[in-house]
Amino acid sequence: MQLFTLIEEREHEQVVFCSDQKSGLRAIIAIHNTSLGPALGGTRMWAYTSDEDALTDVLRLSRGMTYKASVAGLNLGGGKAVIIGDPNKNKTEALFRAFGRYVEGLAGRYITAEDVGTAVRDMEYVRMETKYVTGIDKALGGSGDPSPVTAFGVYVGMKASMKELTGSDSLRGKRIAVQGAGHVAEYLCKHAAKEGAKLFISDIYGDKAKKVAEGVKAEVVDPEKIYDVEADIFCPCALGAIVNDETIPRFKFKIIAGGANNQLADEAKHGKALIEKDIMYAPDYAINAGGLINVYNELEGYSQERAMKQAEGIYDTMLRIYSISKQNNIPTYEASNRLAEQRVASIGRLKSIYAGKSQFVGRLGENDFGKK
Ligand code: NAD
């Protein structure tokens, strides 16, 4: 493995390998870019088949976090961690506390949170060893469930997409096909229904779909049929890679705008296929940034009202993305990447201006998060 070639390929700043044999900890922390602020990203626990797979995953995911934070207008960089192990078998207090000590050792360059394979309870162990952890339980003074803020961001992003397409952002009478009836979908459906949208909902668990549908007078659709619904908007709120070779030919949607991560199975190929079908795609990491906005607010001393207000900014962000896409004749996901890169370059540069000593604020007791 050409270690430095891999690290340099995506321009990472720092990669930390953490090993504690007694607790069984094998973890990699990747810090991609800290131009905008400390690198924030969750810790994924996964039974990777090789160390190389784990490294590739953490490098890819941490880079994605730089883009997500930047496009959301946050003072955060991109980072991520992976713990190599089976989340159903290898979790112990000692393992997470050992991991927490490595995070603490980075002195705030990396802030962690839960992710696939880790839960709030695991993060409580991490928090015993470091203050650089976020997305913690409300009972412990954290921000709790991010879904209401994520859903609100998706809702306003959906409205911006409608505005771009029709000149009006109203969802009244619009038909929306929602995949997944989980946390994000439930809040999202309430916003859309309140505005008079006609909703179609699917979930692999029929009772979940039924429960959400009842609250918003939606029609329940078989999970396999959701791609065929005659709707204006497709709102993926379950899995990734659902925009693919098999599903695209079935789409009659005009807009895809949803909360799920990594919606395009192949960004370049399927981004292009959507343009050819005249389907407007709201880049997933830009429209679902409400979750990140939520944990960012926790670092500053949490207020849901402020988090919601910031998530409202996703409306303008989406309009800017569509404008860059049109002006440069590039797919929307590429326009979003460009917007993110521009902000990293232009705001990151400002750190070269000496601004004197600032007053440190925030839950973490220091201020890279906004000055008062
Ligand atoms: P969730 O687990 O509460 O809900 C997901 C739902 O999708 C579940 O009810 C599940 O049964 C259903 N589902 C799974 N496979 C399905 C399929 N093939 N067809 C239909 N339904 C299916 O998750 P959530 O918190 O609502 O998040 C939804 C998506 O948004 C995820 O991809 C998540 O990564 C992403 N996301 C969530 C947040 C957040 O704040 N929760 C933030 C950013 C991104």
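Start at the interface of domain 1 and domain 2: the rule finds zero residue pairs there in polar contact, counting pairs with both residues at pLDDT 80 or more. The side of domain 1 that touches domain 2 has four nonpolar residues, no polar ones and no charged ones. Salt bridges between domain 1 and domain 2 also number zero. Keep in mind that this is a predicted model.

**Select the two domains.** Colour 3–63 together with 78–133 as domain 1. Give 147–343, which is domain 2, a second colour. Four residues from domain 1 and five residues from domain 2 make the contact. Now place a centre on the C-alpha atoms of each domain: the two centres lie 29 Å apart.

**Select L36, L40 and I111.** How much area is buried between domain 1 and domain 2? The value is about 410 Å², and carbon and sulfur atoms give 70% of it. On the domain 1 side, L36, L40 and I111 supply 72% of the area buried against domain 2. No other three residues of domain 1 supply more.

**Select 14–33.** This range takes in strand β1 (residues 14–20) and strand β2 (residues 25–33). The two pair in the antiparallel sense, over seven bridges. Show S19 and R26 as sticks: R26 in β2 is the bridge partner of S19. Then move to the turn. β1 and β2 form a hairpin with four residues between them. G24 sits in that turn, with a positive phi of about 85°.

**Move to the open sheet.** Which strands form it, and in what order? Six strands take part, running β9-β8-β7-β10-β11-β12, with parallel pairing. Select 219–220 for β9 and 280–281 for β12: these stand at the edges. Each has a single partner strand, so one side of each is left without a neighbour in the sheet.

**Select 175–179 and 233–236.** These are β7 and β10, which pair in the parallel sense over four bridges. Label Q179 and P236. Q179 stands opposite P236 in β10.

**Finish with two asparagines.** Select N262 first. N262 is in the loop between β11 (255–256) and α8 (267–276). Its phi is near 50°, a positive value in a residue other than glycine. Next, select N329. Where does N329 lie? The loop between α12 (314–328) and α13 (332–348) holds it. N329 is not a glycine, yet its phi is positive, at about 55°.

Key:
Residues numbered from 1 in each chain as written. Predicted model: local features only at pLDDT ≥ 70, side-chain atom pairs only at ≥ 80, totals over all residues. Heavy atoms only, no water. Domains from an automatic or database assignment. Contact = heavy atoms within 4.5 Å. Buried area = accessible area lost by both parts, 1.4 Å probe. Salt bridge = Lys/Arg side-chain N within 4 Å of Asp/Glu carboxyl O. Polar contact = N/O pair within 3.5 Å; in protein donor to acceptor, adjacent residues only side chain to side chain. Nonpolar A, V, L, I, M, F, W, Y, C, P; charged D, E, K, R; others polar. Pairing = 2+ DSSP bridges.
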